[in-house]
Amino acid sequence: MNIVENQPSNKGVKKEDTQRKIHDPITLNTACRQFNDLIIYNRLKHLPKVDIHRHFEGSLRLSTLSQIARMFKMDLPADPVLLAPMVQMVEEVADFQVFLAKFGTLRKFYQSPTIIKRIAYEVVADAAMDNVKYLELRFSPQALAAEKGFPLEDVTDWVIESVREAAEDFNIVVNLIITLVRHDPMHLAERVARIAMDRKDYGIVALDLAGDEVHFPADLFTGLFREAKQEGLKITIHAGEWTGADSVRQAVVDIGADRIGHGVRALEDDSLMQMLKERKIPLEMSLASNEQTGSVTSIIDHPLKEMWKRGIKVTLNTDDPTICNVTMTDELAFAADYQKMNFFCLYDLTYNAIDAGFLSETQRESLKQYIRHEWAQVDEDSDKKTF
Ligand SMILES: [Zn+2]
């Protein structure tokens, strides 16, 4: 198959696609960038995509948040224009503490079981409407339960139930990952890990570790992850996002991570790069998020393409669509625009994500066939151009 980049052209560009970034609340760093090649953006939007790193808690619709604020008379603005800076990276310097603080505000919106189910449904619907065909959605039961003190088990089951319903309604395959939060109390991590293990046959495929990587190293959680792995769950760890290459090595060697969330700092260590390549450890990268948290100085300087060239199994993902104000289409368009990755590269990133996905071999093969067939169509009506 020969999938190549298209020549820029304005032919066939829909008006609503080109105006998206103008009307939505924008994030200072990432969304100030305009998509230079609108024909590529539009093509990417209609191609089937894969996202294996998306947080439920970073994916709430702004319009829904506004309704919840009004409905429950919350001490937060219902006006989306005033609300946006509280839950999105707007007019701020890139910084992980600022980024994490958005989750603190978002936790206040989980006001009832109905709301949590509605949000879960909408998160899947939004991915499907962006033509994401396989989604791995991660969530922290304690984040959803904190505001109203809901039982963690119940919250988990509400999400499982609602996600399953939305997946059927929107023809998308979704697997769930439960996230342990580094900076939450350890007893919560222990309870949540148990909840994940108890539901490994009911939609939960993996355990994740996220949160403040700087002050809470992953080795605090080694025992929990080893137990989860023995019980059949896969492991993905946020590492090398806000601390150095050592945290990536620790996640892989000491904890047995099957995948690494972000891992941008791995590039600093050649021996680690070699190990990631040899062990075929996939990295779940996100251009917008990595820029907004300060993991990289800009999307242009992101190591995505360099790592791809060096044979690392890199994948591209949204991380937190609401906080970052991005879609999966945006992420791929950023890679095309600012990393100068052509359609073949973008296809490879998508293919890598299917390979790295925590899905059954039957699901994987069927998804590969479908993606291969759909992306191959790009070639038929495109001008050929390689980089
Ligand atoms: Zn993440």
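Half of this chain to start with: buried residues make up 50% of its 387 residues, where buried means 20 or more other C-beta atoms (placed from the backbone) within 10 Å of the residue's own. Heads-up: this is a predicted model, where local features need pLDDT of at least 70, side-chain atom pairs count only at pLDDT 80 or more, and totals for chains, interfaces and linings use all residues. Residue numbers run from 1 along each chain as its sequence is written.

**Exercise 1.** Work out the strand order of the open sheet and find which strands are at its edges.

*Solution.* Start with the order: the 8 strands (DSSP E runs of at least two residues, numbered from the N terminus) go 1-2-3-4-5-6-7-8, with parallel pairing. A pair needs at least two DSSP bridges. Next, the edges are strand 1 (49-55) and strand 8 (314-316), each pairing on one side only. Then zoom in on strand 7 (residues 283-285), which 3 bridges join to strand 8; Glu 284 has Thr 315 as its bridge partner there.

**Exercise 2.** Find how helix 17 and helix 18 are oriented to each other, and which residues make the contact.

*Solution.* First, the packing angle is about 170°, with the axes 10 Å apart; axes are lines fitted to C-alpha atoms over the stretch in contact, and angles run from 0 to 180 degrees between N-to-C directions. Over 145 degrees counts as roughly antiparallel, so helix 17 and helix 18 are roughly antiparallel. Finally, helix 17 brings Tyr 347, Thr 350, Tyr 351 and Ile 354, while helix 18 brings Arg 364, Leu 367, Lys 368, Ile 371 and Trp 375; contact means C-beta atoms within 7 Å.

Terms used: Helix = DSSP H or I, 4+ residues; strand = E, 2+ residues; numbered from the N terminus. Buried ≥ 20, exposed ≤ 12 C-beta atoms within 10 Å, placed from the backbone. Parallel < 35°, antiparallel > 145°, perpendicular 65-115°, else oblique. Contact = placed C-beta atoms within 7 Å.
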